[in-house]
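Here are a few short exercises to work through with the model open in your viewer. Try each task before you read the solution under it.

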Amino acid sequence: DFTRPVDPHQYHHLLQVWRYNSFGHHTDNNGMVMYDTASIMAHSCDASACWHFGHSDQFVCRARRIIRAGEEITISYLSDDDL
C-alpha cells in the first residue's frame with residue numbers, strides 16, 4: 001500500500017541501516033550493495049577475517065588468523081589502506 005504516509009523517523013532509520021550496512025560496489029563507484037550475511041558481520045579494526053569480491057560478485061570471506069570455536073568472526077569495514 002503506497003498511499004500510507006511515511007513516518008520520517010522510520011524513513012531516516014532505514015536509510016541509516018542501508019548506508020552503514022552496505023558495501024561499495026567494486027565495478028560502480030556510485031553503487032552500494034547489501035549482502036545477506038556480510039552486511040550483518042561485526043566490524044573490528046583488528047578483524048579475524050578479510051573479504052574481497054570473487055567471481056560473479058560473490059562476497060569471499062577468509063580467516064586472517066586461527067578463529068576458535070564460538071569466537072565471533074569480524075571483518076573490517078575499511079580497506080587495509082584506511083586502517
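## Exercises on a predicted model

Start with helix H1: it spans residues 8-21, and Val17 sits in it. Keep in mind that the model is predicted.

**Exercise 1.** Is Val17 buried or exposed, or something in between? Then find the surface patch that Val17 belongs to.

*Solution.*
- Step 1: take the relative accessibility of Val17, which is 34%.
- Step 2: buried means under 20% and exposed means over 50%, so Val17 lands in the partly exposed class.
- Step 3: look for its partners. Val17 joins Trp18, Met32 and Met34 in a nonpolar surface patch. Together these residues offer about 320 Å² of accessible area.

**Exercise 2.** Work out how many disulfides the structure has, and why Cys50 isn't in one.

*Solution.*
- Step 1: search the whole structure; the count comes back as 0 disulfides.
- Step 2: check Cys50. Its closest cysteine sulfur belongs to Cys61, 7.1 Å away.
- Step 3: compare with the cut-off. A disulfide needs the two sulfurs within 2.5 Å, so the Cys50 sulfur is too far from that of Cys61 for a bond.
- Step 4: add the surroundings. Cys50 is partly exposed, at 37% relative accessible area, and Cys61 is partly exposed with 37% as well.

**Exercise 3.** Which elements of the protein chain have the lowest and the highest mean pLDDT?

*Solution.*
- Step 1: get the chain baseline. The mean pLDDT is 84, with 93% of residues at 70 or more.
- Step 2: go through the elements. Strand E1 (residues 23-25) is lowest, with a mean of 75, while strand E6 (residues 74-75) is highest, with 92.

Definitions and conventions. Residues numbered from 1 in each chain as written. Predicted model: local features only at pLDDT ≥ 70, side-chain atom pairs only at ≥ 80, totals over all residues. Heavy atoms only, no water. Patch = residues over 30% accessible without salt bridge, like charges linked within 9 Å, V, L, I, M, F, W, Y side chains within 5 Å. Areas by Shrake-Rupley, 256 points an atom, 1.4 Å probe, with all protein chains shown as cover. Salt bridge = Lys/Arg side-chain N within 4 Å of Asp/Glu carboxyl O. Helix = DSSP H or I, 4+ residues; strand = E, 2+ residues; numbered from the N terminus. Buried < 20%, exposed > 50% of the residue type's maximum accessible area, 1.4 Å probe, protein only. pLDDT = per-residue confidence, 0-100.
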